[in-house]
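Visitor: Hi, could you walk me through this one? I'm new to reading structures.

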Amino acid sequence: MELGQLTQERKQMKDAAATAAAAAKTEAEAEAEAYISQFRDQIKRREDDIHSLESVHSAVAAQYERRITEVEGQLGTLRAKHRELEQRRALDLEGFTADVTTLRRLLSAVDRRLHQTRLVQRLDDDE
């Protein structure tokens, strides 16, 4: 009888082990499915974030492209104004130089006349 009892206990243990293995497998599969679901949700959120960031990036890039074009236009205008200002400065300097030269000549002429007048006065005083 003992052999029959041991055989039955062995069978019960096998059945209990199979049941525990099936339960563990089911639990592991459920846990794996939960992780898979979480990862899929996480991937979906990251894809949404990437899409949102791509939209923001393209909007910012377009805005900066417009601003760069605007600044380049301003730079062209300022360069043209600077060239004109440099030309005017050169012409003003040329004019000032001509004025100084003319004034020096006039001053020289006045100085000579003054000297001549003094000489004439001395001659008149000597007589």
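Guide: We can start with the overall form and then turn to charges and the surface, keeping in mind that this is a predicted model.

Visitor: OK, how many helices and strands are there in the chain?

Guide: The chain has one helix and zero strands, and that helix, called H1, covers residues 2-126.

Visitor: And what does the C-alpha trace span along its principal axes?

Guide: The C-alpha trace spans about 180 × 30 × 10 Å along those axes. The radius of gyration tells a matching story, since the chain has 53 Å, while a compact globule of 127 residues would have a value near 14 Å.

Visitor: What share of the residues is buried?

Guide: Buried residues make up 0% of the 127 residues in the chain, where buried means having under 20% relative accessible area. The chain exposes about 12,200 Å², and carbon and sulfur atoms supply 57% of that area.

Visitor: Switching topic, how many positive and negative side chains are there?

Guide: There are 21 positive and 25 negative side chains, and the centres of these two sets lie 5 Å apart. Side chains of opposite charge can pair when their charged atoms come close. A search of the whole structure finds five salt bridges.

Visitor: Can you show me one? Which residue does Lys44 form a salt bridge with?

Guide: Lys44 pairs with Asp48, and their closest N and O atoms are 3.4 Å apart. Both residues lie in helix H1, four residues apart, which is about one turn of the helix.

Visitor: Are those two buried, exposed or partly exposed?

Guide: Lys44 counts as partly exposed because its relative accessible area is 47%, and Asp48, with 40%, is partly exposed too.

Visitor: What about Glu70 and Arg67, how far apart are their closest N and O atoms?

Guide: In that salt bridge the closest N and O atoms are 2.8 Å apart. Glu70 and Arg67 both lie in helix H1 and are three residues apart, again about one turn of the helix. Glu70 has a relative accessible area of 45% and is therefore partly exposed, while Arg67 is partly exposed at 41%.

Visitor: Last thing, which residues form a nonpolar patch on the surface?

Guide: That patch is formed by Val56, Val60, Tyr64 and Ile68, which together have about 360 Å² of accessible area.

Visitor: Why does Val56 count as partly exposed?

Guide: Val56, which lies in helix H1, counts as partly exposed because its relative accessibility is 45%, and partly exposed is the range between under 20% for buried and over 50% for exposed.

Terms used
Residues numbered from 1 in each chain as written. Predicted model: local features only at pLDDT ≥ 70, side-chain atom pairs only at ≥ 80, totals over all residues. Heavy atoms only, no water. Patch = residues over 30% accessible without salt bridge, like charges linked within 9 Å, V, L, I, M, F, W, Y side chains within 5 Å. Areas by Shrake-Rupley, 256 points an atom, 1.4 Å probe, with all protein chains shown as cover. Salt bridge = Lys/Arg side-chain N within 4 Å of Asp/Glu carboxyl O. Helix = DSSP H or I, 4+ residues; strand = E, 2+ residues; numbered from the N terminus. Buried < 20%, exposed > 50% of the residue type's maximum accessible area, 1.4 Å probe, protein only. Rg over C-alpha atoms; globule rule 2.2 N^0.38 Å. Lys, Arg positive; Asp, Glu negative; His and termini not counted. Charge placed at Lys NZ, Arg CZ, Asp CG, Glu CD.
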